[in-house]
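Trainee: I am new to this structure and would be grateful for a close look at a single part of it. Please show how that part sits among its surroundings.

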Amino acid sequence: MTSPLIEDHALLSDQRATALVTREGVINWLCLPRFDSDALFCSLLGDDENGHWSLRIADGEVLSRRYLPGTMVLETVWRSPTGTATVTEYMPITGGGESGTGAGTDTGDSDSAVADADSTGGEATGSSPGPGSASSLSGDVDDHADLVRHVECHEGEVEVLQELKIRFEYGQAVPWVRRGEDEAGNRVLIAVAGGDGIALHGPALTPHGRTHRGTQRLRAGESTCWVLTWFPSWQQVPAALESEAALEATIAEWTGWLGQVRVDAEYEEPVTRSLLVLRALTHRRTGGIIAAATTSLPEDFGGVRNWDYRYCWLRDAALSLEALLGHGHVDAAATWRDWLLRAIAGDPERLQIMYSITGDRNLPEREVQHLAGYEGSVPVRVGNGAADQYQADVVGEVMIALAAMRDAGLEETAWSWPLQKALVRYTEDRIDEPDQGIWEMRGDPAYFTHGRVMVWATFDRAVRAVEDHGLPATTEQVTRWKHIRDQVREEIMTRGVGADGAFTQTYGSTEVDASLLQIPHTGFLPANDPHMLATVARIEQDLRTEDGLILRYRTQGQDGLPGDEHPFLVCCFWLVEQYAASGRRDEAEALMEQLLGCANDLHLLAEEFDSGAGRMAGNFPQAFSHLGLIRAVDALATTRD
């Protein structure tokens with residue numbers, strides 16, 4: 001089987017789970033009922049036997065596809081020799097509110113490690129969200145989730161062809177399939193394996209071995225609909241939702257959220273889509289933001305650089321929130337801060353770089369042996385061992401994001417400032433510890449210059465929180481924070497700069513790293529500082545590919561893995577920012593246009609771009625890439641003449 005190109009896919013989301021559907025109507029990746037659940041359609045990482053749901057028009061071709069404006073509702077127009085039809089696909093968003101609202105009361109027990117971190121600010125008391133509010137999920141409606149495929153014939157006559165193969169546990173578990181009734185008494189197709197149940201509402205499909213197929217004829221003006229519903233297998237099968245009302249509610253949810261966001265007129269379409277992707281990757285109830293919708297789409301085709309990105313990296317989420325804040329969406333920041341409090345609650349000294357969408361910290365990495373991998377790229381991994389790494393930059397990223405929230409007018413809660421002081425203490429305790437870097441390298445730990453700048457940012461934002469916003473801290477604490485900040489700055493300028501004046505990837509190294517482009521974003525140095533200009537010159541010399549895109553680093557150095565990789569899109573967007581901020585406007589605009597050309601027809605971006613083959617690589621769609629696009633556009637707007 002030939003794997004579809006990564007860019008051939010569209011994303012569907014109900015802000016709790018995601019699906020990927022190809023241009024030709026094959027859903028080959030679906031995790032229900034949440035982002036990181038075991039996939040029940042997994043042919044993307046294997047073959048047809050690992051689960052899929054195809055829906056197409058017989059002898060038809062796709063004329064166009066698009067998202068309905070301001071939504072994640074996909075509309076595909078088909079034409080056959082006998083007629084035309086439109087397929088509308090979406091994951092309904094029904095019920096529930098924003099995450100963090102309505103959570104139970106937290107009494108602020110002083111035994112909490114977060115509360116203890118603020119011995120000078122008074123006992124941490126008040127209403128949720130505090131560490132105890134994770135129980136708010138008990139009121140969530142994760143007892144079912146839906147995916148809708150609606151077909152309407154516009155002219156002539158069309159024949160709708162379907163093939164459904166449900167395989168739970170990443171394509172491994174064949175379910176027990178039968179015809180039965182839902183709670184309203186309607187006949188449905190039911191598939192059950194373990195705790196998972198699936199019901200398919202709509203015109204019946206017929207069994208063909210371990211596959212179900214169906215044919216449905218529609219004439220002009222006729223339409224039909226199939227709704228695939230996940231439910232806990234021990235519960236009664238839910239009745240089918242009313243698709244027209246569900247569609248209206250889902251459109252209203254997406255457009256209503258987007259209506260609160262400010263978007264610059266230039267580049268409006270890609271920025272709008274990027275904002276919607278960030279929203280689509282944010283869990284509606286918990287506020288956790290995942291890095292991407294997939295696992296194990298390769299950075300190196302046929303190689304081992306295959307990782308599970310369906311988790312919440314503190315770094316990625318913090319940068320995403322800065323992008324959302326820049327466009328007026330403060331609510332998203334507040335709900336993520338609540339998620340952060342729950343994730344770290346009670347034991348900030350065991351801070352991880354990533355958590356699950358509910359804040360769980362146990363993310364063991366394992367290999368799924370039965371899957372052949374995308375284009376033979378193995379192993380297929382579930383879980384992520386990088387959760388156990390120490391990465392020195394993470395706290396700095398979080399502190400910068402929390403400072404941006406303050407600047408946007410978001411008030412601190414009884415828990416949020418004590419949490420930040422605990423994070424500062426965590427960083428101070430590890431001030432001399434080498435780390436694995438922003439790219440989660442699996443080689444030996446080192447002192448990464450970017451990470452050390454982020455350590456500086458941790459103490460800088462703590463000092464500014466006290467001096468600029470009046471948050472409580474003792475004179476002794478502030479004096480110590482200033483001393484460490486100044487000491488780290490001197491260390492960076494002494495040990496993190498090469499003979500040519502450029503910053504180096506690690507102390508004592510001659511390599512350069514694209515993460516160094518983030519230094520101006522921290523306020524450590526401006527973009528036009530001679531050290532930054534020298535660093536950009538080295539990046540252009542060592543990391544720029546023939547077509548002008550840049551790698552994040554050279555893999556033969558600190559990387560620790562076999563194989564190679566392709567230009568990293570967020571790094572390319574960072575270069576746009578740097579060009580714009582340092583007066584290289586024409587080059588910034590040219591690179592921006594080139595990067596927009598790396599997106600697919602729906603303005604979706606993966607992690608990397610294979611310039612030689614002209615195709616995407618890595619997990620998809622990637623929050624990092626989309627937040628990079630937003631920030632690059634913001635930089636161009638800020639520096640516009």
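**A helix and its surroundings**

Mentor: In this predicted model, the largest nonpolar core has 195 residues, and Leu30, Leu32 and Trp336 are those with the most contacts inside it. Leu30, for instance, is in contact with residues that include Thr18, Phe41, Met91, Leu147 and Leu228. Apart from that core lies another, of 7 residues, with Leu68, Val73, Tyr90 and Cys225 among them.

The part I propose for a close look is helix H9, which runs over residues 449-469. From its first C-alpha to its last, this helix of 21 residues reaches 29 Å, close to the 30 Å expected at 1.5 Å a residue. Because 17 of its 21 residues are buried, H9 is largely enclosed by the rest of the structure. After the helix comes Gly470, whose phi is positive, near 70°.

One residue of H9 is Thr458, which is buried with a relative accessible area of 0%. Leaving out residues up to four places away in sequence, Thr458 touches Val395, Gly396, Met399, Val424 and Thr427.

Aromatic contacts also involve this helix. The structure holds 11 aromatic pairs; in one of them, Trp456 and Phe524 meet edge-to-face, with 5.2 Å centre to centre and 90° between the planes. Trp456 belongs to H9 and Phe524 to the loop between helix H11 (519-522) and helix H12 (530-542), so the pair ties together parts that are 68 residues apart in sequence. Both Trp456 and Phe524 are buried. In addition, Arg489 lies over the face of Phe524, at 4.3 Å from the ring centre.

Notes: Residues are numbered from 1 along each chain as its sequence is written. This is a predicted model: local features need pLDDT of at least 70, side-chain atom pairs count only at pLDDT 80 or more; totals for chains, interfaces and linings use all residues. Side-chain values use heavy atoms; hydrogens and water are left out. Helices (H or I, at least four residues) and strands (E, at least two) are DSSP runs, numbered from the N terminus. The expected span of a helix is 1.5 Å times one less than its number of residues. Buried means under 20% relative accessible area, exposed over 50%, partly exposed in between (1.4 Å probe, protein chains only). Contact means heavy atoms within 4.5 Å. A nonpolar core is a set of buried Ala, Val, Leu, Ile, Met, Phe, Trp, Tyr and Cys residues joined through side-chain atoms within 4.5 Å. Rings of Phe, Tyr and Trp (its six-membered ring) pair if their centres lie within 6.5 Å; planes under 30 degrees apart count as stacked, over 60 as edge-to-face and the rest as tilted. A charge sits over a ring if NZ of Lys or CZ of Arg is within 6 Å of the ring centre and within 35 degrees of the ring normal.
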